[in-house]
Amino acid sequence: MRIGIIGAGSIGLLFSWYLSEKHEVTLYTRTVHQADLINRKGVTLVKETEEVRKLPAKPMDEWVGGDDLTIITVKQYQLQEVLFQIEDKLDEAGSLLFLQNGMGHLKLIEKLQSSSIYVGSIEHGAVRESAARVRHNGAGAIRAAVFKGSLVRLEELANNAPEDFSIQVETDYYEILVRKLVVNAVINPLTAVFQVQNGILLANPFYRKIAMSLLEETLCVLETADKEKHYRDVVNVCEKTASNYSSMYADLSQGRRTEIDAILGFLIEEAEKRGVHCPYICNYYHMIKGKEFQGEVVT
Ligand SMILES: NC(=O)C1=CN([C@@H]2O[C@H](COP(=O)(O)OP(=O)(O)OC[C@H]3O[C@@H](n4cnc5c(N)ncnc54)[C@H](OP(=O)(O)O)[C@@H]3O)[C@@H](O)[C@H]2O)C=CC1
Ligand SMILES: CC(C)(CO)C(=O)C(=O)O
């Protein structure tokens with residue numbers, strides 16, 4: 001299958017490296033410089049060892065669609081610009097797969113005139129070390145489902161995924177995104193505010209109490225019945241990624257914008273629609289926005 005990947009950050013490089021084993025992958029970068037570098041050097045994946053794979057890269061200005069599947073791996077707050085860049089050529093774009101954390105993107109993609117749209121969540125950990133080099137920190141599941149249209153390209157992707165990079169096709173896109181949203185709503189803001197690794201949220205009994213209150217309130221906003229399942233998700237992720245720094249902590253550490261609007265911001269909008277009071281969520285939302293505003297670099 002011909003696959004275009006838009007956004008050559010941590011996830012874009014990770015996906016391009018793995019998927020190029022069995023597919024014709026083209027990576028679309030924001031800058032000409034990064035595309036040139038990848039064309040010259042290939043993409044290096046660092047795990048126990050490191051391996052280079054050659055694949056073509058093009059700057060986004062040269063994107064004309066034409067792939068069977070286009071995977072969009074930019075951050076939530078970069079999506080609007082990408083959609084603006086591709087919306088005129090959606091007829092040519094084939095199916096689209098969005099892999100953002102959070103749920104803020106749903107209201108953007110529901111307006112797209114594309115025949116098939118998929119959304120997914122990623123449990124892998126990846127960090128871009130340089131423009132053409134990515135470190136694969138933790139393997140986990142990739143789940144995706146149809147948001148709109150036909151299943152064909154998603155099934156083709158899942159059936160031809162490398163053994164060590166499997167993709168699970170699910171039936172309920174909302175369930176996939178909500179499960180990841182709950183995990184991110186609890187772990188990301190708390191680790192960023194307390195400046196700790198994910199595992200400390202369980203190990204420190206006081207932080208654990210706060211994490212459970214935030215979880216409780218999140219589930220109340222989402223009117224979720226199966227609380228036990230989400231509790232297990234949060235505990236599992238904290239345990240499996242105990243020594244990792246969450247993406248929100250990492251973003252603030254480097255003075256970057258976070259995806260708080262698509263996570264707690266999304267929950268605040270949901271709470272308003274449903275008339276639910278959510279003081280913890282509002283407080284943590286404003287703490288993270290405040291840190292972004294200060295351009296605070298935490299160590
Ligand atoms: N990294 C991880 O381990 C995980 C990430 N995710 C989710 O995956 C998504 C992507 O995250 P991640 O890869 O870490 O983010 P990164 O910031 O590493 O990558 C985003 C990339 O998108 C590029 N980009 C931005 N705007 C455009 C544009 N208009 N055209 C082309 N490229 C563009 C950026 O380019 P430039 O660098 O030039 O600015 C950057 O390379 C997020 O929603 C995140 O929450 C989910 C689970 C795990
Ligand atoms: C799963 C988790 C919390 C892992 O750190 C993550 O998705 C993130 O940091 O954004």
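Let us start with the contacts of L108. Setting aside the residues within four places of L108 in sequence, its contacts are L79, Q80 and L83. Please keep in mind that this is a predicted model. L108 itself belongs to helix α4, which covers residues 106-109.

Is L108 buried, exposed or partly exposed? L108 counts as partly exposed because it has 16 C-beta neighbours inside 10 Å, whereas a buried residue would need 20 or more and an exposed one would have 12 or fewer. I would also point out a pair involving L108: G4 lies 104 residues from L108 in sequence, and their C-alpha atoms are 20 Å apart in space.

I turn now to ligand 1. Which residues come nearest to ligand 1? They are G7, G9, I11, Q100 and N101, out of 29 residues around this ligand. Two or more residues of the shell are given by each of α1 (10-19), β2 (24-29), α3 (79-86) and β9 (125-130). By class, the shell around ligand 1 holds 10 nonpolar, 14 polar and 5 charged residues.

Finally, we come to ligand 2. The residues surrounding ligand 2 are N101, V183, N184, I187, N188, N198, V237, T241, N244, S246 and S247. N101 therefore appears in the surroundings of both ligands, being listed among the residues nearest to ligand 1 and in the shell of ligand 2. Which helix supplies the largest share of the shell around ligand 2? That is helix α6, residues 173-194, with 4 residues. As for classes, the shell around ligand 2 contains 8 polar and 3 nonpolar residues, and no charged ones.

Note on methods. Residues are numbered from 1 along each chain as its sequence is written. Chains are lettered from A and ligands numbered from 1 in the order in which they are written. This is a predicted model: local features need pLDDT of at least 70, side-chain atom pairs count only at pLDDT 80 or more; totals for chains, interfaces and linings use all residues. A residue is near a molecule or strand if its C-beta atom, placed from the backbone, lies within 6 Å of it. Ala, Val, Leu, Ile, Met, Phe, Trp, Tyr, Cys and Pro count as nonpolar, Asp, Glu, Lys and Arg as charged, and the others, Gly among them, as polar. Two residues are in contact if their C-beta atoms, placed from the backbone, lie within 7 Å.
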